[in-house]
Amino acid sequence: MLFTDRPLRLGTRGSPLALAQARMTAQALIAAHGWSADAIEIITVQTSGDRIQDRALADIGGKALWTKELDRALVAGETDLSVHSMKDVETLRPDIFHIAAMLPRADVRDKLVGAADFDALPANPLVGTSSPRRGAQVKRLRPDATITLFRGNVATRLAKLAAGEVHATLLAAAGLDRLEQSDVGTLVPVDTMLPAPSQGAVGIETLADNQPVIAALSAISDADTSDAVMMERAVLRGLGGTCHSPIAALALVEGDRLFLRAEIISPDGQETVREEARLARGDLAAGEALGERLLRGASPALRALFEA
Ligand SMILES: NCc1[nH]cc(CCC(=O)O)c1CC(=O)O
């Protein structure tokens, strides 16, 4: 066992989904190394993203809200690693951090909750989501829909839906599965709603100079997942995308290559720019170039959404 004097301290947000992902990570490490259950201590860190619930993420500082306090705990030596939903990790991370592992990816698809499918929604439906991507994709399918801001954790959103605040919402299948709510909602095919970059992937970060922890994490890293997610993140880099921007990207592993699809969509759903390519794994420059091509193909109005 690598860490004999004290448990390995795993930092996580406190939402039920984050805690489920932290426990999956702990179990994977315990199984891979034959550790005893007390070899890992789960430390919950509250993030500003969890505290502020009434405004869109994009308006209050973006994805750094989810990582900042976990980063601080890591730098302060209060934790040894942080477990993140890769979807919530900013594209550009400070060099002192290193994404040392990704767990095998879960279902990448979104689920529609509240209606059997988009056609089953009433006329002029009210759909709750705070994801610009989901909002734009819904408007593309249902131009008569009104998108309303919907934040909070998965349980909060399901409660708002049950209270009749909206006709429907969209949630990641991965999150519902990890919360043992797989029976909730209808899976939406990726051809209908291409998912967010990194959707369904859990990443584990540590300090770039922490060799013992990096070595311990290498035992649980899934190469297919990290190659695909790193490629999807390269598209975001090429676009200069933030969470203000309606971007979807999905890389599927095909042997030693990746089949990459990506799109950007205007908020009213009227304009979609799409690209796809088969790329060598690890050819992140090609992923960035695909992101740049998306921008070049966009109208000035859509392109403006990507200018900081
Ligand atoms: N932004 C919140 C968030 N971050 C990751 C997930 C789901 C789990 C995943 O994609 O791995 C969710 C909830 C959702 O989108 O429904």
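Biologist: Which residue takes a positive phi near 60° in the hairpin of β11 and β12?

Modeller: This is a predicted model, in which local features need pLDDT of at least 70 and side-chain atom pairs count only at pLDDT 80 or more, while totals for chains, interfaces and linings use all residues. Residues are numbered from 1 along each chain as its sequence is written. Helices (H or I, at least four residues) and strands (E, at least two) are DSSP runs, numbered from the N terminus. The hairpin has two residues between its strands, and the residue that takes the positive phi is Gly255.

Biologist: How many bridges join β11 to β12?

Modeller: Strands β11 (residues 247–254) and β12 (residues 257–265) run antiparallel; two strands pair if DSSP finds at least two bridges between them. Ala249 stands opposite Ala262 in β12, and Ala248 stands opposite Glu263 in β12. The number of bridges joining β11 to β12 is eight.

Biologist: Which residue of β13 is the bridge partner of Arg261?

Modeller: Strand β13 (residues 272–280) pairs with β12 in the antiparallel sense over nine bridges. These two strands form a hairpin with six residues between them, and Gly269 in the turn has a positive phi of about 75°. In β13, the bridge partner of Arg261 is Glu276.

Biologist: Which residue lies 52 residues from Gly282 along the chain, with its C-alpha atom 7.9 Å away?

Modeller: Gly282 belongs to the loop between β13 and α9 (284–296). A residue is buried if 20 or more other C-beta atoms, placed from the backbone, lie within 10 Å of its own, exposed if 12 or fewer, and partly exposed in between. With 14 such atoms within 10 Å, Gly282 is partly exposed. The residue whose C-alpha atom is separated from that of Gly282 by 7.9 Å is Met230.

Biologist: Which strands stand at the edges of the sheet that contains β5 to β9?

Modeller: Five strands form this open sheet in the order β7-β6-β8-β5-β9, with mixed pairing. Each edge strand has a single partner, so one side of it is left without a neighbour in the sheet. The edge strands are β7 (146–148) and β9 (186–187).

Biologist: Which residue of β7 is the bridge partner of Gly128?

Modeller: Strand β6 (residues 126–128) and β7 are parallel and pair over three bridges. In β7, the bridge partner of Gly128 is Thr148.

Biologist: What angle does the direction of α5 make with that of β8?

Modeller: Axes are lines fitted to C-alpha atoms, for helices over the stretch in contact, and angles run from 0 to 180 degrees between N-to-C directions; residues are in contact if their C-beta atoms, placed from the backbone, lie within 7 Å. Helix α4 (residues 132–141) packs on the sheet, touching β5 (110–113), β6, β7 and β8 (168–172), and its direction makes about 165° with that of β7. Helix α5 (residues 154–162) also packs on the sheet, touching β5, β6 and β8. The angle between the directions of α5 and β8 is about 160°.

Biologist: How many of the 10 residues of α4 are buried?

Modeller: The buried residues of α4 include Pro132, Gly135, Val138 and Arg140. Helix α4 is largely enclosed by the rest of the structure, because its buried residues number nine.

Biologist: Which strands stand at the edges of the sheet that contains β1?

Modeller: This open sheet of five strands has the order β2-β1-β3-β10-β4, with mixed pairing. The strands that pair on one side only are β2 (40–44) and β4 (97–102).

Biologist: Which residue of β3 does Leu10 stand opposite?

Modeller: Strands β1 (residues 8–12) and β3 (residues 81–85) run parallel and are joined by two bridges. In β3, the residue opposite Leu10 is Leu81.

Biologist: How many residues around the ligand are charged?

Modeller: A residue belongs to this shell if its C-beta atom, placed from the backbone, lies within 6 Å of the ligand, and the residues found include Ser85, Lys87, Asp88 and Leu171. Strand β8 and helix α6 (173–178) each supply at least two residues of the shell. Asp, Glu, Lys and Arg count as charged, Ala, Val, Leu, Ile, Met, Phe, Trp, Tyr, Cys and Pro as nonpolar, and the others, Gly among them, as polar. Besides four nonpolar and four polar residues, the number of charged ones is two.

Definitions and conventions: Contact = placed C-beta atoms within 7 Å.
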